[in-house]
Amino acid sequence: MLKFLCFLIFLIPLSLFSGFWWLVCSMLFFVSFIYLFFFPYFFCWGGLGYIFGCDLISYGLILLSLWICVLMVLASESVFRLKYFSGFFLFVVIVLTILLYCTFSSISLLSFYIFFESSLIPTLFLILGWGYQPERVQAGVYLLFYTLLASLPLLVGILFIYSSLGSLCLFLLSGSGYLVGNLFYVCMVFAFLVSMPMFMVHLWLPSAHVEAPVSGSMILAGVLLKLGGYGLLRVFPVLFSFGYSFGVVWVVLSLVGGLFVSLFCMRQTDLKSLIAYSSVAHMSMVIGGIMTLNYWGVCSSFALMVAHGLCSSGLFCLSNISYERFSSRSLLINSGLINLMPSMAMWWFLLSSCNMAAPPSLNLLGEIGLLSSLVSWSWCLMFVLIFLSFFSAAYTLYLYSYSQHGSIYSGVYSCSLGYVREFLLLFLHWFPLNLIILSVDVTVFWV
């Protein structure tokens, strides 16, 4: 694991010079391709070195982080073209990549906590430095206060584990459920529920997405929301004995909240706000699957986290492509895009169909597994899941039909073809999303 970390660290000097933009992008593609062959074929941790290691769960999320960070650089070509602090932008992206790599490969709870919180700082720089409106300062404050306020009890819980067990190594946490009490359980879980986010603590996410540049939205939706799910999977060996009695609260709250958020999506007129709320609705199913504490729930939650990271990131790229043409995110102005950009309408359709879990996307596999897991846990959830799945398809069709059909508001009647870079960017989101399902027996259900 250290060889990949050193490779990323040595990219930092190159990132400080704007002339090396495409070289850094190529090097990130290269390290993603090499890491693809680092698959841990055994059920134990591998690649151990110092405080870093890799198992099947962390492998998938590290690969997702490297891939999304490459696509962030590819999507932010306007920063390089307009010479808008492009060297510092590359530096922030490389530092964020390193922190995410260290977060998912940490084998100690304390180092995981440190890198988990540190990854918020480059994200805040992206929002404040390259955001579009003055309200980005308020969005950055929301992001910091929600996440840091919830993470302080997590630090207290980690220190309590160390005082009780004498170790914070993830290998030694299983079977230590005797530590659990009500307050300790809430301290360990709440920070990750805010990070995912769960309904009622989700208000920081839409504001952060709306004010962030396309790179900030991609990393928020693609990777940073997955930190919460990954953290829950890591701390549940400690909380296993208590999770059965208290999990019903989180399952019901997340699924009912996901249904309400799906209704909110039907009332949105801002492209990025609609996609951000849809992320909350999808992650509510992930929370429910993890809280059931059964095999199908955990595996399907992992599959949906990876699928959502690719799909929502691609949708944010599409909204940014429209924003660069119209200088607006409103659905009232971004209408009739099929007349202006006919070739982009296909990518809107492909990524929208993946967002509503159409075959052969990985979203379909994750949602089918989560539906069976949650219904086997309690058949009463069937009624909530029916409406949640229905409205998930409804707001995706609403997004596609309102943006593509109708008359062009701005009076532009000429065709606007996309750049090759934009088609490559969208293809690199869609292709892995539909390719992974071919080897899903290896990549997901070995977790």
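A residue is buried when its relative accessible area is under 20%, exposed when that area is over 50%, and partly exposed in between. The views below all come from a predicted model.

**View A. Helix α7 is mostly covered.** The helix spans residues 109–118. Of its 10 residues, 8 are buried. Leu109 begins the buried set, followed by Ser111, Phe112 and Tyr113. Phe115, Phe116, Glu117 and Ser118 complete the set. Each of these residues falls under the 20% cut-off.

**View B. Helix α7 packs against helix α8.** Helix α8 covers residues 120–130. The two axes lie 5 Å apart, at an angle of about 5°. The angle makes α7 roughly parallel to α8. On the α7 side, the meeting residues are Phe116, Glu117 and Ser118. On the α8 side, they are Leu120, Ile121 and Pro122. By type, the residues of this contact are 4 nonpolar, 1 polar and 1 charged. The three α7 residues of the contact, Phe116, Glu117 and Ser118, also belong to the buried set of View A.

**View C. Helix α16 crosses helix α19.** Helix α16 runs over residues 342–355. Its axis lies 11 Å from that of α19, and the packing angle is about 25°. Angles under 35 degrees count as roughly parallel, so this pair belongs in that class. The crossing of α19 by α16 is left-handed. From α16, the contact takes in Ser343, Met344, Trp347, Leu350, Leu351 and Cys354. From α19, it takes in Glu422, Phe423, Leu426, Phe427, Trp430, Leu433 and Asn434. The residues of the contact divide into 10 nonpolar, 2 polar and 1 charged. Glu422 appears again in View F, as a partner of Arg325.

**View D. Glu77 and Arg81 meet within helix α5.** Their side chains form a salt bridge with an N to O distance of 2.6 Å. The helix covers residues 77–81. The partners sit 4 residues apart, which means a separation of about one helical turn. Glu77 is buried, at 14% relative accessible area. Arg81 is partly exposed, at 48%.

**View E. Glu77 also bridges to Arg421.** Here the N to O distance between the side chains is 3.8 Å. Glu77 belongs to α5, whereas Arg421 belongs to α19 (residues 420–435). The pair therefore ties together parts that are 344 residues apart in sequence. Arg421 is buried, with a relative accessible area of 15%.

**View F. Arg325 and Glu422 form a salt bridge between two helices.** The closest N and O atoms are 3.0 Å apart. Arg325 lies in α14 (residues 295–326), and Glu422 lies in α19. The pair therefore joins parts that are 97 residues apart in sequence. Arg325 is partly exposed, at 24% relative accessible area. Glu422 is buried, at 1%.

**View G. Five residues share a network of salt bridges.** The members are Glu77, Arg81, Arg325, Arg421 and Glu422. The bridges of Views D, E and F involve these residues: Glu77 with Arg81, Glu77 with Arg421, and Arg325 with Glu422. A search of the whole structure finds 6 salt bridges.

**View H. Ser86 is buried in helix α6.** The helix spans residues 86–105. The relative accessible area of Ser86 is 4%. Beyond its neighbours within four places in sequence, Ser86 contacts Ser18, Trp21, Val79 and Phe80.

**View I. Trp204 is buried in helix α11.** The helix covers residues 204–211. Trp204 has a relative accessible area of 3%. Neighbours within four places in sequence are set aside here. The contacts of Trp204 then include Tyr142, Leu143 and Tyr146. Val194, Ser195 and Pro197 also touch Trp204, as do Leu220 and Leu225. Arg81, from the network of View G, lies elsewhere: 31 Å separates its C-alpha atom from that of Trp204. Along the chain, Trp204 and Arg81 are 123 residues apart.

Note on methods. Residues are numbered from 1 along each chain as its sequence is written. This is a predicted model: local features need pLDDT of at least 70, side-chain atom pairs count only at pLDDT 80 or more; totals for chains, interfaces and linings use all residues. Side-chain values use heavy atoms; hydrogens and water are left out. A salt bridge is a side-chain nitrogen of Lys or Arg within 4 Å of a carboxyl oxygen of Asp or Glu. Buried means under 20% relative accessible area, exposed over 50%, partly exposed in between (1.4 Å probe, protein chains only). Contact means heavy atoms within 4.5 Å. Axes are lines fitted to C-alpha atoms, for helices over the stretch in contact, and angles run from 0 to 180 degrees between N-to-C directions. Angles under 35 degrees count as roughly parallel, over 145 as roughly antiparallel, 65 to 115 as roughly perpendicular and the rest as oblique. Ala, Val, Leu, Ile, Met, Phe, Trp, Tyr, Cys and Pro count as nonpolar, Asp, Glu, Lys and Arg as charged, and the others, Gly among them, as polar. A crossing is left-handed if the near helix is turned anticlockwise from the far one by less than a right angle, and right-handed if clockwise.
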